[in-house]
Amino acid sequence: MSQKTPRNFFKPLAIGAPEPMRDLPVKLERMIHFVPPHLDKVRAKVPSMAPGVDVILANLEDAIPADAKDAARAGAIEMANMYDWQGKGTGFWSRVNPLNSPWFQEDVSQLVLNAGHQLDVIMLPKVEGPWDIHFADQYVAQLEAKAGLTRPILFHAILETAQGMALVEDIALASPRMQGISLGPADLAADRKMKTTRVGGGHPFYRVIEDPKEDGSDRASAQQDPWHYTIARMVDACRMAGINAFYGPFGDIADLDACEQQFRNAFLLGCAGTWSLHPNQIAIAKKVFSPDPDEVKFARKILAAMPDGTGVAMIDGKMQDDATWKQAKVISDLADLVAGKDPDLAKAYSGD
Ligand SMILES: CC(=O)SCCNC(=O)CCNC(=O)[C@H](O)C(C)(C)COP(=O)(O)OP(=O)(O)OC[C@H]1O[C@@H](n2cnc3c(N)ncnc32)[C@H](O)[C@@H]1OP(=O)(O)O
Ligand SMILES: O=CC(=O)O
Ligand SMILES: [Mg+2]
């Protein structure tokens with residue numbers, strides 16, 4: 001037998017570590033906003049930014065220069081104490097360096113021991129398989145016990161190697177700590193040997209072209225989404241495991257339209273949120289990952305027409321049944337969650 005028994009799956013991995021969660025906390029996670037914690041100027045903005053985002057992440061990995069890793073780690077610990085994350089409901093996460101790096105052990109031990117009481121999620125990059133999650137799981141349990149934490153810290157894996165992609169289902173199921181998985185299109189592109197220098201989004205050379213015309217006139221051609229398969233597979237793996245899928249970074253900070261389209265494709269395919277790398281991506285994520293008020297109104301019409309979720313109904317010429325009732329419930333439940341945080345959208349959803 002290569003798996004834990006059901007009873008052992010939910011046992012703490014160290015004496016004195018908190019009980020693993022059986023269900024994920026229900027939280028709005030439309031954007032995970034990346035902050036470079038070694039930059040004093042940016043770190044100082046954290047308390048004023050925190051109420052306006054769903055999650056703030058102290059990034060210790062890529063984009064932090066090697067000679068600033070210690071400063072970034074210290075900055076992340078400072079960020080943990082700059083805001084009442086647990087009391088005010090904005091998530092506080094950190095992306096640590098990979099397991100094979102010289103920084104992983106210090107990143108995790110210092111974060112858990114000095115900031116564990118505020119830290120919701122540790123983002124683990126370049127996860128190759130369930131063994132990476134198991135190692136981190138045991139290590140964090142030891143540290144949680146040492147720190148006397150009563151709430152377990154969750155894990156979020158980044159899907160950014162071909163092997164991680166091939167084993168995405170096993171990664172999603174590896175531990176009760178698993179909160180979600182993000183697409184890492186930059187590292188994944190490199191590992192797959194995709195021929196691109198972009199971070200997410202489309203590519204002008206990745207397209208379909210219509211058949212030749214008899215009159216020899218120009219053939220229409222359109223860009224396609226090179227991330228469709230990966231995102232859809234990640235969503236299936238995550239939802240199978242009862243965790244959430246997230247789009248990752250969109251690197252063309254100035255191209256707000258393309259960013260919005262990439263985020264929207266991920267939202268429609270089932271993702272719960274995305275990363276924001278720059279303040280101008282926060283508003284886009286908020287707009288895209290909050291359901292559209294007209295969709296919410298229509299969803300609520302479906303729920304009202306079929307109070308027990310069974311049968312068939314016609315609404316605005318469209319057939320509704322048990323399956324569309326479930327679709328409507330997804331949208332309505334998300335709207336309730338958003339309304340709890342956003343008074344303007346609460347008003348729009350209530351139709352006032
Ligand atoms: C492939 C991957 O792994 S992606 C994840 C790793 N990468 C990251 O985390 C990158 C995070 N983002 C950043 O570092 C920055 O946004 C950059 C480098 C991309 C661009 O930074 P800048 O050139 O300073 O952008 P810009 O000049 O438009 O910034 C405008 C303001 O927003 C601030 N700002 C920029 N990014 C952020 C951020 N992530 N959080 C908070 N404030 C920010 C800037 O400090 C600046 O503030 P100021 O007006 O007080 O001077
Ligand atoms: O870490 C993110 C990526 O795209 O790589
Ligand atoms: Mg990466």
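Okay, let's start with lysine 213, which counts as partly exposed at 33% relative accessibility. This is a predicted model, by the way. Lysine 213 pairs up with glutamate 210 in a salt bridge, and the closest N and O atoms sit 3.2 Å apart. Glutamate 210 is partly exposed too, with a relative accessible area of 32%.

Next pair: glutamate 260 and lysine 287, a salt bridge with its closest N and O atoms 3.0 Å apart. Glutamate 260 belongs to helix α12 (residues 256-269) and lysine 287 to helix α13 (residues 279-288), so this bridge ties together parts that are 27 residues apart in sequence. Glutamate 260 is buried, at 19% relative accessible area.

Then there's aspartate 70 with arginine 73, 3.1 Å from N to O. Both are in helix α4 (residues 69-80), three residues apart, so about one turn of the helix. Buried or exposed, what is aspartate 70? Exposed, at 54%, whereas arginine 73 is buried at 5%.

There's also a network of salt bridges linking Glu61, Asp62, Arg95, Lys126, Glu160 and Asp187. The count for the model comes to 22 salt bridges.

Okay, on to helix α14. Its 13 residues, 293-305, should span 18 Å at 1.5 Å a residue, and the end C-alpha atoms are indeed 18 Å apart. Val296, Ala299, Ile302 and Leu303 are buried there. They cover an arc of only 120° around the axis, which puts them on the same side of α14. The buried residues pack against β11, β12, α15 and α16, while the face turned away carries exposed Asp294 and Ala304. And aspartate 292 caps the N-terminal end, with a side-chain oxygen 3.1 Å from the backbone nitrogen of aspartate 294.

Methods. Residues are numbered from 1 along each chain as its sequence is written. Chains are lettered from A and ligands numbered from 1 in the order in which they are written. This is a predicted model: local features need pLDDT of at least 70, side-chain atom pairs count only at pLDDT 80 or more; totals for chains, interfaces and linings use all residues. Side-chain values use heavy atoms; hydrogens and water are left out. Helices (H or I, at least four residues) and strands (E, at least two) are DSSP runs, numbered from the N terminus. The expected span of a helix is 1.5 Å times one less than its number of residues. Buried means under 20% relative accessible area, exposed over 50%, partly exposed in between (1.4 Å probe, protein chains only). The arc is that of the directions from the helix axis to the C-beta atoms. Contact means heavy atoms within 4.5 Å. A polar contact is a pair of N or O atoms within 3.5 Å; within protein, one must be able to donate a hydrogen and the other to accept it, and residues adjacent in sequence count only if both atoms are side-chain atoms. A salt bridge is a side-chain nitrogen of Lys or Arg within 4 Å of a carboxyl oxygen of Asp or Glu.
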